[in-house]
Amino acid sequence: MNTAEFLTITNAIVPDRIALAGPNERLTYGELQSRVNRLAQSLQAKGVAKGHNVGVMAVNCLEYVEIYYATASLGATFIPLNFRAKAEELSYMIESTDIQTLFVQERYMPIYESIDSSQIKNVITLDFEKDPYPTYTSFRDASEDIPVFVEIEESDTTLIIFTSGTTSLPKGVELSYQALTALVVNTQAPPDPVSDQQVMLVSVPFFHIAGATTMMSAVFSGRRLVLLPAFDPNDWLSMCENEGVTHSFVVPTMLKRIMEADGFENYDLSKLELITYGAAPMPFEVVRRAVDVFGPEGKDVGLMNAFGQTEATGSITFLGTDDHRLTGDGAEDEKVIQRLQSVGRPMADIDVAIKSPEGEILPDGEDGEICIRGDRIMRGYHGREDETDSALQDGWLHTGDVGRIDDGGYLFITGRIKDMIIRGGENIAPAEVEHVLEEHSSVSEAAVIGIPDVEWGEVVVAVLIPNKDSATPSDADMTVFVKERLASYKAPSSYEWVAELPRNHLGKVLKTDLRDTYTN
């Protein structure tokens with residue numbers, strides 16, 4: 001199935017519903033389809049077809065969605081570019097994928113002009129005028145409103161998303177029409193013209209898998225997709241109130257900032273049904289607070305944790321709303337608190353296994369590499385055959401994450417293979433130590449790393465953000481606290497207290513940077 005049909009189907013059912021809402025403009029599904037048709041015709045006239053790659057360098061906007069569906073309808077490949085990347089990384093993304101058509105916003109034009117872009121044949125400006133480039137509106141509206149139909153193979157690549165690179169250039173993950181169709185069809189239903197429309201607020205960038213997939217799932221289900229160009233907690237809250245938002249996805253740092261926003265209690269979130277969080281580990285203190293703030297005694301909003309990867313076209317497991325609810329029953333609430341430290345159970349269309357380094361599936365309770373299989377697995381890393389062969393083995397995607405599955409089927413992430421600490425021959429999972437440290441009343445957030453040591457090979461170092469108004473405990477007191485809860489060899493050898501941790505654009509802690517900082 002061509003993903004362009006997500007829009008075609010919904011337009012046939014509910015053409016007059018609002019499809020997209022931005023700060024200054026709204027489009028119905030009928031208007032969106034008309035714009036997509038015109039844009040596809042204009043792109044086709046410029047030679048865009050199967051095998052042609054189309055890039056976008058912009059914040060979230062209505063045009064972004066139009067460009068994806070026009071590109072898909074032509075069988076071309078869509079490449080959303082991370083505008084926060086360094087110039088060297090952007091040059092690599094453009095050159096390695098042979099982008100020949102690029103849409104760019106004014107704020108990112110200096111970046112475009114600073115990199116080698118000689119291969120690009122067509123440049124279209126999205127929100128400004130600059131000779132000799134055509135403006136987006138004039139380019140799109142130069143053609144007629146006539147649908148374009150191109151035969152595609154479900155295995156063809158429709159989307160390339162670059163994963164964040166910390167020690168090397170980013171990798172382009174190739175996702176097929178089949179992978180995206182499997183995600184959407186297995187998790188969404190076409191719109192019901194009788195029921196009330198759901199409203200999805202997207203505040204993560206479209207160049208991230210969690211943002212890109214909302215362009216498809218929201219459209220296929222007939223939701224109104226509300227676009228936030230850049231995240232701000234008060235803007236997020238205002239959008240929820242003014243647009244009657246029912247669903248939203250946030251990363252953990254966003255959720256924390258939302259709860260800390262000025263006037264949080266005064267915003268009307270009565271329409272909000274579900275907040276899904278993911279894309280980075282959630283500190284236990286934050287999710288525990290969110291259960292109180294958004295639970296039945298607070299805003300009465302459901303919470304869901306989604307763990308996924310770009311290579312799996314999004315979510316692999318989820319921790320549902322029932323797993324976030326405290327009942328007042330001590331024994332049951334203790335189970336909930338334990339589950340809140342997991343990322344839930346596998347999605348129905350994904351197989352999850354924990355494997356040893358030898359490739360054997362391990363029993364419940366044992367730590368190993370998280371491996372998955374299903375129709376949503378990537379085609380591979382663009383232009384990187386060796387890395388593709390390493391990641392895809394015997395139909396399984398090796399995620400690089402380390403974890404274990406308990407007897408209830410809940411998956412617990414305990415680290416990354418490359419982040420695993422080996423002290424004196426003993427493997428230590430950083431996440432396990434971090435969870436314990438974050439139980440301490442003086443700790444707001446913890447990041448645990450291994451640094452080289454002559455005697456032990458590696459030693460454990462904890463980098464901690466203190467809780468406000470809490471006294472800083474001594475290293476000895478912290479070690480006693482950890483050893484009361486974990487094997488003694490897992491206790492950090494030192495504790496570094498900092499105001500903030502280095503993070504990427506989605507809030508993931510950059511442990512490579514921490515290791516560089518604390519390695520002598």
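The following questions and answers concern helix H3, threonine 214 and the nonpolar cores of a predicted model.

In this predicted model, local features need pLDDT of at least 70, side-chain atom pairs count only at pLDDT 80 or more, and totals for chains, interfaces and linings use all residues. Residues are numbered from 1 along each chain as its sequence is written, and side-chain values use heavy atoms, with hydrogens and water left out.

Reader: How far does helix H3 reach from its first C-alpha to its last?

Author: A helix is a DSSP run of H or I with at least four residues, numbered from the N terminus. H3 covers residues 62-73. Its expected span, 1.5 Å times one less than its number of residues, is 16 Å, and the helix comes close to this with a reach of 17 Å.

Reader: Why is H3 described as largely enclosed by the rest of the structure?

Author: Buried means under 20% relative accessible area, exposed over 50%, and partly exposed in between, with a 1.4 Å probe and protein chains only. H3 is largely enclosed because its buried residues number twelve of the twelve.

Reader: Is threonine 214 buried or exposed?

Author: Threonine 214 belongs to helix H9, residues 214-220. Its relative accessibility is 6%, so threonine 214 counts as buried.

Reader: Which helix gives the most to the largest nonpolar core?

Author: A nonpolar core is a set of buried Ala, Val, Leu, Ile, Met, Phe, Trp, Tyr and Cys residues joined through side-chain atoms within 4.5 Å. The largest has 138 residues, and Phe103, Trp236 and Phe294 have the most contacts inside it. With eight residues, the element that gives the most to this core is H3.

Key
Helix = DSSP H or I, 4+ residues; strand = E, 2+ residues; numbered from the N terminus.
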